[in-house]
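Here is a short note to read beside the model. Please keep the structure open while going through the points.

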Amino acid sequence: MTTKNGSFYQFSLAPHKSYYWCACGKSAKLPLCDGSHRGCAIKPLPFSSDVEAIVDLCGCQKSKTAPYCDHEFCCKQISTSS
Ligand code: FES
């Protein structure tokens, strides 16, 4: 399950599965890498979990805790745009 929520994504992690978070923002399958970064210096960030979990993944590529959303940039944008 992937649900876009503002500029972050609620994402269901399966245990012991490898994922690649898009760090460049060009992927058509955000928040995951689809290979669109080819040709640029930015590479995807691999991550996984030992347990099944629903997490907030960064969708703005500015989180200090990537691949997880730190709710800093996206939440400030939401609060200042209203
Ligand atoms: S498409 Fe963005 S890091 Fe791969």
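**Notes on the fold**

1. Start in the sheet. Gln10 stands opposite Asp56 in β5. These two strands, β2 and β5, pair in the antiparallel sense over 6 bridges. Pairing here requires that DSSP finds at least two bridges between two strands.

2. A word on the basis. The model is predicted: local features need pLDDT of at least 70, side-chain atom pairs count only at pLDDT 80 or more, and totals for chains, interfaces and linings use all residues. Numbering starts from 1 along each chain as its sequence is written.

3. Next, the element list. The protein has 1 helix and 5 strands. From the N terminus on, they run β-β-β-β-β-α. Helices (H or I, at least four residues) and strands (E, at least two) are DSSP runs, numbered from the N terminus.

4. Now the other side of β2. Strand β1, residues 2-5, pairs with β2 in the antiparallel sense over 4 bridges. Gln10 appears again: Thr3 stands opposite Gln10 in β2. The two strands β1 and β2 form a hairpin with 2 residues between them. Gly6 in the turn has a positive phi of about 70°.

5. Put the pairs together. An open sheet of 3 strands results, in the order β1-β2-β5, with antiparallel pairing. β1 and β5 are the edge strands, each pairing on one side only. From one strand to the next, the twist averages 25°. For such angles, axes are lines fitted to C-alpha atoms (for helices over the stretch in contact), and angles run from 0 to 180 degrees between N-to-C directions. As background, strands of a sheet pair through backbone hydrogen bonds, either parallel or antiparallel.

6. Which residues make up the largest nonpolar core? There are 10: Phe8, Tyr9, Phe11, Trp21, Cys22, Leu30, Cys33, Leu57, Cys58 and Cys69. β2 (8-13) and β5 (53-58) each supply at least two of them. The largest share, 3 residues, comes from β2. Such a core is a set of buried Ala, Val, Leu, Ile, Met, Phe, Trp, Tyr and Cys residues joined through C-beta atoms within 7 Å.

7. Burial overall: 20% of the 82 residues count as buried. A buried residue has 20 or more other C-beta atoms within 10 Å of its own, with C-beta atoms placed from the backbone.

8. Last, contacts (C-beta atoms, placed from the backbone, within 7 Å). Leu30, one of the core residues, touches Tyr9, Cys22 and Gly59, not counting residues up to four places away in sequence. Of the contacts in the protein with a separation of 6 or more, 48% join residues 24 or more positions apart.

Note on methods
A residue is buried if 20 or more other C-beta atoms lie within 10 Å of its own, exposed if 12 or fewer, and partly exposed in between; C-beta atoms are placed from the backbone. Two residues are in contact if their C-beta atoms, placed from the backbone, lie within 7 Å.
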